[in-house]
Amino acid sequence: MAIQKEIWQDHIEGNLFKNNEFLLASTDAGQFVLQGKVVHIPQAGALPNVVKNRSSLPGTIVQRADSDVTYSLDEYTSDPILIPYAETFELSYGKRESVLSEHESSLKQTIADNILVSWSPSVAASLIRTSGGAAASHIDTTSGNRKKLTVKDIKAAQLALNKQNVPMEGRYALLSADMFQQLTDELSVTDYRDFSAAYNIKHGVLGRLFGFNIMMRSAVVTYTNDTVPVVNPYGSAVHADDNDTVLCWQTDALERAIGAVKFFERIDDPTYYGNVYSMSVRMGGRKRRADGKGVVAIVQAASA
C-alpha cells in the first residue's frame with residue numbers, strides 16, 4: 001500500500017526545526033524562493049542624501065541603483081531505504097514509520113549543521129577568543145588545553161554587537177553542550193536563578209544573559225586556530241588544534257529559506273522484493289549583510 005506522499009512532505013517541512021529551534025531565530029526568506037530552488041531578493045539602493053536647511057536650489061537629482069541577491073538552495077537527499085515486502089505484514093510495529101522518522105531526523109541534523117557554517121562570520125572584528133581558565137579540549141580528535149568560556153566572553157560579544165549598532169531585541173547565542181556547561185558552572189546560585197528565568201523550552205531558550213537568549217545543541221561549529229580563525233566546512237576533518245565556537249547573532253542579520261520538499265517511493269519493487277523510500281529537501285541560509293555585521297563568533301583560545 002502506497003503512503004500519502006503529500007502528508008509526509010508536509011510532515012517533513014513542519015518538523016525541520018524540531019530540536020533545531022535556533023534556525024527559527026533568523027529571517028525567513030521562504031517567500032523569495034523561485035521554483036523551489038533559488039532565492040531571489042530585490043535589494044533597495046542607498047538611502048537619499050539629506051541636507052539640513054538647504055540654501056541652494058535645485059537639489060541634485062539622483063537615481064537609486066537597486067540590485068538583487070540571488071543564491072541557490074542546497075539539495076539534501078537521504079539514501080534510499082528498503083523495507084522488505086514481508087516485513088510490512090509480519091512486523092508487530094510500524095517499521096515504515098520508524099524508518100522514515102530516522103531519515104527525517106538525519107536530514108534535519110545535516111541541514112542544521114550546514115546552515116550554521118553558512119551563518120558563521122569570517123571578519124576579524126566579529127571574532128572573539130575565550131578568556132577563561134585552562135581545560136582539556138572537549139572535541140574529539142583535538143588535543144591540548146583551551147581557555148574556558150566565561151561570562152565576560154558573552155559580555156564581550158554583546159559589546160561587539162552594540163558597536164555594530166545592532167538592535168538589542170532578538171539576540172541569540174548558540175552554545176555546544178560542553179561550552180554551556182562551562183558557562184553555567186561560572187554562575188552563582190543567584191545568577192543562575194536570574195539566568196534561567198527566561199527558560200522557554202518550546203522555543204529552545206535555556207536562559208538569558210547580557211541580552212542574549214541562550215540556546216544549546218550537541219555541537220555548533222569549529223574554527224581553525226589561525227591568527228584570524230576560519231570556520232571549518234561541513235564534513236571536513238577536525239584537526240588537533242581546532243576550536244569549539246559560540247555563535248551570537250541578531251535575527252535580522254541571518255537568513256534561512258526552505259525550497260522544495262519531496263518524498264519518493266517505489267512500491268513492490270520486483271528486484272528488491274519490497275518498498276523503497278527516500279527524501280529530498282532544498283534549504284539554505286546566509287549572512288544578510290555583506291559586511292558581516294550582526295553575527296559574532298566566540299572561538300576557543302589555546303591555553304598552556
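## Salt bridges

A salt bridge is a side-chain nitrogen of Lys or Arg within 4 Å of a carboxyl oxygen of Asp or Glu. In this predicted model, R286 and E255 form such a pair, with their closest N and O atoms 3.1 Å apart. R286 lies in strand β16 and E255 in strand β15 (residues 254-269), so the pair ties together parts that are 31 residues apart in sequence. Both R286 and E255 are buried. The pairing extends to a third residue, since a network of salt bridges links E255, R286 and R288.

The whole structure contains 8 salt bridges. One of them joins the side chains of R282 and E75, at 3.8 Å from N to O. R282 belongs to strand β16 (residues 274-287) and E75 to strand β5 (residues 74-77), so this contact ties together parts that are 207 residues apart in sequence. The two partners fall into separate accessibility classes: R282 counts as buried because its relative accessibility is 17%, under the 20% limit, whereas E75 is partly exposed, with a relative accessible area of 46%.

A further salt bridge is formed by the side chains of R266 and D269, with an N to O distance of 2.5 Å. R266 is partly exposed at 45% relative accessibility, while D269 is buried, with a relative accessible area of 6%.

## Nonpolar cores

In soluble globular proteins, nonpolar side chains tend to be buried together. Here the largest nonpolar core has 39 residues, and those with the most contacts inside it are F22, L116, W119, W249, V281 and M283. Two or more residues each come from α1 (5-15), α3, β10 (171-176), β14 (243-250), β15, β16 and β17 (295-299). Helix α3 gives the most to this core, with 8 residues.

The surroundings of M283 can be listed in detail. Leaving aside neighbours within four places in sequence, M283 is in contact with L16, F17, L73, D74, Y76, I111, I115, R256, A257 and I258. Apart from the largest core lies another core, of 23 residues, which includes F180, L187, F195 and F212.

## Two buried polar residues

T27 is placed in strand β1 (residues 27-28) and is buried, with a relative accessible area of 19%; this value counts as buried because the limit is under 20%. Beyond its neighbours within four places in sequence, T27 is in contact with T251, D252, L254, E255, R256 and R288. Among these contacts are E255 and R288, which also take part in the salt-bridge network with R286. T27 and E75 are separated by 48 residues in sequence and by 20 Å in space, C-alpha to C-alpha.

N213 lies in strand β12 (residues 212-217) and counts as buried at 13% relative accessibility. With neighbours within four places in sequence left aside, N213 is in contact with R171, Y172, A173, V205, G207 and R208.

## Pocket and cavity

The largest pocket has a volume of about 500 Å³. It is lined by 22 residues, of which A219, V220, V221, T222 and V238 are the closest to its centre. Helix α3 (residues 95-119) supplies the largest share of this lining, 3 residues. The lining of the largest pocket divides into 8 nonpolar, 9 polar and 5 charged residues. Helix α3 thus appears in two settings: in the lining of the largest pocket and in the largest nonpolar core.

The structure also holds 1 cavity of 30 Å³ or more, and the volume of the largest cavity is about 30 Å³. Its lining consists of A135, A136, S137, H138, R146, K147, K148, Q182 and Q300. Strands β8 (134-136) and β9 (145-147) each supply at least two residues of that lining. By class, the lining of the largest cavity comprises 2 nonpolar, 4 polar and 3 charged residues.

Definitions and conventions. Residues are numbered from 1 along each chain as its sequence is written. This is a predicted model: local features need pLDDT of at least 70, side-chain atom pairs count only at pLDDT 80 or more; totals for chains, interfaces and linings use all residues. Side-chain values use heavy atoms; hydrogens and water are left out. On a 1 Å grid over the protein atoms alone, a cavity is a set of points where a 1.4 Å probe fits but cannot get out, and a pocket is an open set with protein on both sides within 12 Å along at least five of seven lines; lining residues have an atom within 4 Å of a point. Grid points are joined across faces, edges and corners, and a volume is the space filled by probe spheres set on the points. Helices (H or I, at least four residues) and strands (E, at least two) are DSSP runs, numbered from the N terminus. Ala, Val, Leu, Ile, Met, Phe, Trp, Tyr, Cys and Pro count as nonpolar, Asp, Glu, Lys and Arg as charged, and the others, Gly among them, as polar. Buried means under 20% relative accessible area, exposed over 50%, partly exposed in between (1.4 Å probe, protein chains only). A nonpolar core is a set of buried Ala, Val, Leu, Ile, Met, Phe, Trp, Tyr and Cys residues joined through side-chain atoms within 4.5 Å. Contact means heavy atoms within 4.5 Å.
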